[in-house]
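This report covers a two-chain model, taking one helix to begin with and then the chains, their contact and some single residues.

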Amino acid sequence: MTTTAPPRTGKRTAGRNQPGAAPRTRRSGRLRRISLPYLLLLPALVLELLVHLIPMVIGIVVSFKELTQFYLRDWGSAPWSGLDNYSLTVDFDAPVGEALLSSFFTTCLFTFFSVGLCWLIGTAAAVFMQETFKGRGILRTIFLVPYALPVYAAVITWAFMFQRDNGLVNHVIHDQLGLTDSPPFWLIGDNAFVTLLVVSVWKGWPFAFLIMMAGLQNIPREIYEAAALDGAGVWQQIRRITLPSLRPVNQVLILVLFLWTFNDFNTPFVLFGKSAPASADLISIHIYQSSFQTWNFGTGSAMSVLLLLFLLVVTGIYLLLTSRGRSAGDA
Amino acid sequence: MAPPKSFLVSRLVFLTLLTGFVLLPVYVMISSSLKPLQDVSGKFQWIPSGLTVQPYFDIWKTVPLGDYFMNSLIVAGSATVLSVIIAIFAAYAVSRYSFRGKRVFTVTVLSTQMFPGILFLLPLFLIYVNIGNATGIALFGSRAGLILTYLTFSLPFSIWMLIGYFDSVPRDLDEAAKVDGCGPLGALFRVIVPAAIPGIVAVAVYAFMTAWGEVLFASVMTNDATRTLAVGLQGYSTQNDVYWNQVMAASLVVSLPVVGGFLLLQRYLVTGLTAGAVK
């Protein structure tokens, strides 16, 4: 084997490098080799530019314009308005700014609770299911159902369950348990916040579960065996080995959950329709309404730009903090 | 060593409650879809008093669900196929070549994941309307516009996942293919793609789910002829009545393709998703 291989490759390279043709093919070959990665990236690049980056630039431009439905056919001709949209948006004493600020706080509160609960449930489920037991495979499949169901089908079912007169929730807490004097409203008023949270956690925790399960697979078994030899019980092993080992996975997971939850449009939109009750008025719905219901695209764009700046700053700080924590931990 | 009782009891209680929470809407969906209209309009019944499969026939007549189904299938299917092919090329370039701007590319593509959809909904709407006015190519309201939009949604994540997969295919394999006379693309399609099939399946399932479940762009960028399921399901509410049994039946029917596909290909998706995510 080893004696026949070298002559074969040698013959082939000799055959290809024929005198005369060699320099030209080599040069065009090198050119092709340099441009090939760019050619391969081109479709992805063009699409990202067209659908994400150029629209963002246009969004920033529009935020400095007075763009109403009259200029829709030719948005370039809409008059410049300088910082008017921004000053309107951040004037927190006037109705527009006040509503935006309250929507922002609602979104922060909602994101905090939703991410927290998703993380907690996902981690607990993953830790409990680390060891094999009877029915584990079936349970894992069941737990992925909320992740697999299309948002609108799942959320519309929840909307049905939270109906005041014919929903399951009121049937249980009012008719069966008698906890309330009259059946409460869940899709309007202050309760809407709780409703949105329940649905969001139901939909979101399986993702945390999936990522945590993967994180757990990377912990070597020997560490547990060593700890067991030293007399550590299951709870101690979870606290001392499992949870600390999950920290790097957590950092990515929490960031992703934060961004998804903060930007979530689908859940409130299917649950409440185009205008959410004040207690559950998430920022993405709020911007949608400011743009497409009142046809005031300039103000809507200014809000979008401010939202993006906020997300960039938060993500930046988060990455800085977690990477510093990591290097400090290593040292 | 057997785990202590406290652990076993906690696990049993926690997992039981969680299973109940997860399956509750599924139970409501299935049981309500089999009830006559007067039953879903009145007090909720845990155990249906009368069962009927009529809602499953009515859903196709109350709204043109078949058309919406077709639209969703065409849009999600095309977006998936295109997205996967484009992601394969991009991931191959990043995984196998070093070139100027590689880092800029990956960071830019990945960071588009963090932008809220609402941020480019409005500008994209303006772009599509203006392209339509200028060239007569109808992107706004058409399936093509939606396909173009959706395929970019799953693209960053798909590229990211596939880079991880391609990296795990030994370089010796495609070097060997090149020695045997394959060009770079030959090596990609003869060696790397077959070896990374689980990752590619995972990416395809993810892309399909993303497109099948999208609501925001579907509700702004479609018209009567191109409406997808995401918008179409709202058609079961009339001024006076919501046909909840039909809503539930329709929800179940539109969920079947993705849930079925997901459960079938679960193994691939889960390993693919997590291989990309944990890295």
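Helix α7 of chain A, residues 151-161, is mostly covered in this predicted model, with 11 of its 11 residues counted as buried. The buried residues of α7(A) include the aromatic side chains A:Y152, A:W158 and A:F160. Also on the list of buried residues are A:V151, A:A153, A:A154, A:V155, A:I156, A:T157, A:A159 and A:M161.

**The two chains**

Chain A contains 15 helices and zero strands. Chain B contains 13 helices and, again, zero strands. Read from the N terminus, the elements of chain B run α-α-α-α-α-α-α-α-α-α-α-α-α. Taken along the principal axes, the C-alpha atoms of chain B fill a box of roughly 75 × 70 × 35 Å. Burial and sequence separation of contacts are set out per chain below.

| Chain | Residues counted as buried | Contacts joining residues 24 or more positions apart, among those with a separation of 6 or more |
|---|---|---|
| Chain A | 49% of 331 residues | 65% |
| Chain B | 53% of 279 residues | 74% |

**The contact between the chains**

How many residues does each chain bring to the contact? Chain A gives 99 residues and chain B gives 97 residues. The size of an interface is often expressed as the accessible area lost when the parts come together. Between chain A and chain B, the buried area is about 8,800 Å², and carbon and sulfur atoms give 79% of that area.

Nine residue pairs, both members at pLDDT 80 or more, are in polar contact between chain A and chain B. The largest share of the side of chain A that touches chain B comes from helix α2 of chain A (residues 22-62), which supplies 21 residues. By residue class, that side of chain A divides into 72 nonpolar, 18 polar and nine charged residues.

The count of salt bridges between the two chains is one. The salt bridge pairs B:K43 with A:D175, and the closest N and O atoms are 3.8 Å apart.

**Cysteines**

Over all chains, the count of disulfides is zero. Why is A:C108 without a bond to A:C118? The closest cysteine sulfur to that of A:C108 is the one in A:C118, and it lies 17 Å away, too far for a bond; a disulfide would need the two sulfur atoms within 2.5 Å. A:C118 is likewise in no disulfide, its nearest cysteine sulfur being that of A:C108. As for accessibility, A:C108 counts as partly exposed because its relative accessibility is 27%. A:C118 has a relative accessible area of 3% and is therefore buried, the cut-off being under 20%.

**A loop residue in chain B**

B:Q45 is placed in the loop between α2 (37-41) and α3 (54-62) of chain B. With a relative accessibility of 24%, B:Q45 counts as partly exposed. Apart from its neighbours within four places in sequence, B:Q45 is in contact with B:K35 and B:D39. B:V28 is 17 residues from B:Q45 in sequence, and the two C-alpha atoms are 9.6 Å apart in space.

Technical notes. Residues are numbered from 1 along each chain as its sequence is written. Chains are lettered from A and ligands numbered from 1 in the order in which they are written. Side-chain values use heavy atoms; hydrogens and water are left out. Contact means heavy atoms within 4.5 Å. Buried area is the accessible area (1.4 Å probe) that two parts lose on being put together, summed over both. A salt bridge is a side-chain nitrogen of Lys or Arg within 4 Å of a carboxyl oxygen of Asp or Glu. A polar contact is a pair of N or O atoms within 3.5 Å; within protein, one must be able to donate a hydrogen and the other to accept it, and residues adjacent in sequence count only if both atoms are side-chain atoms. Helices (H or I, at least four residues) and strands (E, at least two) are DSSP runs, numbered from the N terminus. Ala, Val, Leu, Ile, Met, Phe, Trp, Tyr, Cys and Pro count as nonpolar, Asp, Glu, Lys and Arg as charged, and the others, Gly among them, as polar. Buried means under 20% relative accessible area, exposed over 50%, partly exposed in between (1.4 Å probe, protein chains only).
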